[in-house]
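Open the model in your viewer and show it as a cartoon. Keep the sequence panel beside it. We will go stop by stop.

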Amino acid sequence: MIKVVTLLFKKSGLTKEAFRDYYETHHRKLGEKYLAPHALRYVRRYPILAGDGADDPEFDVMMEVWFDSYHAMEAAMVEMTADTAQAELAADEEQLFDRDRTQSFIVDECESDLDEA
């Protein structure tokens, strides 16, 4: 299982509420449009509370996208980097994100089956 994890930061001047609302009512649909043919899951995680007195995380949303193979991930990236898709995605991201701070990681996910532990 391959997963892309991306830490995204809201554009200066947006409240957390406005950021989340725009992402969930608009930008998410663009992600679904380009990811649906290739990805297994597309999840956004918004931090709400740091535990044990830790500082709140600096990112505003952690986006996770699961693929059944590296090939499926590459196919999605090819589609998303095509000129038409890039123009659409970049224009919308400019409304929402501080794009210079975006951090993405490709991870190999291993999950424990706690029912069997």
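**Stop 1: the tail end.** This is a predicted model. Select aspartate 113, which lies in the segment after strand E4 (103–108). Buried or exposed? Aspartate 113 is partly exposed, with a relative accessible area of 43%. Now add Glu111, Asp115 and Glu116 to the selection. Together with Asp113 they form a negative surface patch.

**Stop 2: across to alanine 82.** Keep aspartate 113 selected and add alanine 82. Alanine 82 sits in the loop between H2 and H3. Its relative accessibility is 35%, so alanine 82 counts as partly exposed. Draw a distance between the two C-alpha atoms. Alanine 82 and aspartate 113 are 38 Å apart in space and 31 residues apart in sequence.

**Stop 3: the whole chain.** Zoom out and color by secondary structure. How many helices and strands does the protein have? There are three helices and four strands. Along the sequence they run β-α-β-β-α-α-β. The C-alpha trace spans about 45 × 45 × 25 Å along its principal axes. Of the 117 residues, 35% count as buried.

**Stop 4: helix H2.** Select residues 70–80, which make up helix H2. Show side chains. Which residues are buried here? Ala72, Met73, Ala76 and Met80 are. They lie on the same side of H2, because they cover an arc of only 100° around the axis. The general rule is worth recalling: an α-helix has 3.6 residues a turn, so residues three or four places apart point the same way. Now rotate to the face of H2 turned away from the buried side. That face carries His71 and Val78, both exposed.

**Stop 5: tryptophan 66.** Select strand E3, residues 61–67, and pick out tryptophan 66 within it. Tryptophan 66 has a relative accessible area of 5%, so it is buried. Add alanine 36. The C-alpha atoms of tryptophan 66 and alanine 36 are separated by 11 Å, and the two residues are 30 apart along the chain.

**Stop 6: two leucines in helix H3.** Select residues 83–96 for helix H3, then highlight leucine 89. Leucine 89 counts as buried because its relative accessibility is 6%. Add methionine 77. C-alpha to C-alpha, leucine 89 and methionine 77 are 12 Å apart, and their positions lie twelve residues apart in sequence terms.

Move on to leucine 96, also placed in helix H3. How accessible is leucine 96? Its relative accessibility is 0%, so leucine 96 counts as buried. Add tyrosine 23 and draw the C-alpha distance. Leucine 96 and tyrosine 23 are 7.5 Å apart in space, although 73 residues apart in sequence.

**Stop 7: salt bridges.** Show the charged side chains as sticks. The whole structure holds eleven salt bridges. We visit three of them.

Begin with glutamate 24 and arginine 44. Their side chains meet in a salt bridge, 2.9 Å from N to O. This pair links distant parts of the chain: glutamate 24 is in helix H1 (residues 16–35), arginine 44 is in strand E2 (residues 41–45), and they are 20 residues apart. Glutamate 24 is partly exposed, with a relative accessible area of 22%. Arginine 44 counts as buried at 18% relative accessibility. The cut-off falls between these two values, because buried means under 20% relative accessible area.

Next, select glutamate 58 and arginine 101. This salt bridge is 3.4 Å, N to O. It too joins distant parts of the chain: glutamate 58 is in the loop between E2 and E3, arginine 101 is in the loop between H3 and E4, and 43 residues separate them. Glutamate 58 counts as exposed at 63% relative accessibility. Arginine 101 is partly exposed, with a relative accessible area of 36%.

**Last stop: a network.** Select arginine 99 and glutamate 93. They form a salt bridge whose closest N and O atoms are 3.0 Å apart. Arginine 99 counts as partly exposed at 33% relative accessibility. Now widen the selection with Lys11 and Glu94. Which residues belong to one network here? Salt bridges that share partners join Lys11, Glu93, Glu94 and Arg99. Leave these four on display and turn the model to view the network from several sides.

Terms used: Residues numbered from 1 in each chain as written. Predicted model: local features only at pLDDT ≥ 70, side-chain atom pairs only at ≥ 80, totals over all residues. Heavy atoms only, no water. Patch = residues over 30% accessible without salt bridge, like charges linked within 9 Å, V, L, I, M, F, W, Y side chains within 5 Å. Areas by Shrake-Rupley, 256 points an atom, 1.4 Å probe, with all protein chains shown as cover. Lys, Arg positive; Asp, Glu negative; His and termini not counted. Charge placed at Lys NZ, Arg CZ, Asp CG, Glu CD. Buried < 20%, exposed > 50% of the residue type's maximum accessible area, 1.4 Å probe, protein only. Arc of directions from axis to C-beta.
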